[in-house]
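Got your viewer open? Here's a short walk through the model, one selection at a time.

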Amino acid sequence: MTKVTKTDAQWREQLTDEEYYVTRQKGTERPFTGDYQVEPVQGIYHCVCCGAPLFENEHKFEAHCGWPSFDRPLADAAVEEHLDTTHGMRRIEVTCRRCDAHLGHVFPDGPKETTGQRYCINSVAITFHQGE
């Protein structure tokens with residue numbers, strides 16, 4: 001996978017203010033304000049910055065946390081995980097492997113019958129491609 005790199009000015013031109021804040025400045029959208037409710041529709045969620053495929057709709061579940069939640073990425077190579085110690089917490093940050101966009105965090109409180117993981121993802125960081 002070829003790495004996507006752009007200048008700060010190029011990212012600002014491409015993204016909305018909220019997309020830029022979340023993906024390039026490691027922000028978080030307010031809970032329960034985003035899109036992507038759980039629906040039985042086939043499709044793939046892609047990175048809003050570079051278009052890389054990240055998550056499959058069939059692995060999405062309702063976590064009642066205020067953000068889209070998945071039990072796994074589309075492939076291990078789709079995302080990277082990094083220790084995040086900001087705000088006095090120890091969390092695992094999830095970023096797009098292709099462009100380093102901040103997507104959200106992963107927690108070990110997902111569905112026990114699948115992976116046990118909850119990839120808690122900002123809805124403004126992803127776009128849904130129905131039918132993929």
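**First stop: a pair of facing residues**

Select His46 and look across to Pro53 in E2, which stands opposite. Keep in mind as you click around that this is a predicted model.

Now widen the selection to residues 43-47, which make up strand E1. E1 pairs with E2 in the antiparallel sense, and three bridges link the two. What holds paired strands together in general? Strands of a sheet pair through backbone hydrogen bonds, and the pairing can be parallel or antiparallel.

Next, bring in the rest of this sheet. It's an open sheet of three strands in the order E2-E1-E9, with antiparallel pairing. The edge strands are E2, at 53-56, and E9, at 126-130, and each of them pairs on one side only. Rotate the view to look for the twist: it averages 35 degrees from one strand to the next.

**Second stop: the six-stranded sheet**

In what order do the strands of the other open sheet run? Trace E3-E4-E8-E7-E6-E5, six strands with antiparallel pairing. For the edges, select 60-61 (strand E3) and 79-84 (strand E5), since each pairs on one side only.

Stay with E5 and add strand E6, residues 91-96. These two run antiparallel and are joined by six bridges. To see one partnership, pick Val79: its bridge partner in E6 is Cys96.

**Third stop: the largest pocket**

Select Gln37, Glu62, Gly66, Trp67 and Pro68 together. Of the 15 residues lining the largest pocket, these are the closest to its centre. The pocket has a volume of about 160 Å³. What kinds of residues line it? Colour by class and you'll get seven nonpolar, five polar and three charged residues.

**Last stop: cysteines without a bond**

How many disulfides does the count come to? Zero. To see why, show the side chains of Cys99 and Cys47. The cysteine sulfur closest to that of Cys99 is in Cys47, but at 3.6 Å it's too far for a bond, because a disulfide needs the two sulfurs within 2.5 Å. Cys99 is also buried, with 2% relative accessibility.

Now try Cys120 and Cys65. Here the gap from the Cys120 sulfur to the closest cysteine sulfur, in Cys65, is 3.9 Å, so this pair is too far for a bond as well. Is Cys120 buried or exposed? Switch on the surface to check: Cys120 is buried, with a relative accessible area of 9%.

Note on methods:
Residues numbered from 1 in each chain as written. Predicted model: local features only at pLDDT ≥ 70, side-chain atom pairs only at ≥ 80, totals over all residues. Heavy atoms only, no water. Pairing = 2+ DSSP bridges. Helix = DSSP H or I, 4+ residues; strand = E, 2+ residues; numbered from the N terminus. Axes fitted to C-alpha atoms, helices over the stretch in contact; angles between N-to-C directions. 1 Å grid on protein atoms, 1.4 Å probe; cavity = no way out; pocket = protein on both sides within 12 Å on 5 of 7 lines; lining within 4 Å. Points joined across faces, edges and corners; volume = space filled by probe spheres on them. Nonpolar A, V, L, I, M, F, W, Y, C, P; charged D, E, K, R; others polar. Buried < 20%, exposed > 50% of the residue type's maximum accessible area, 1.4 Å probe, protein only.
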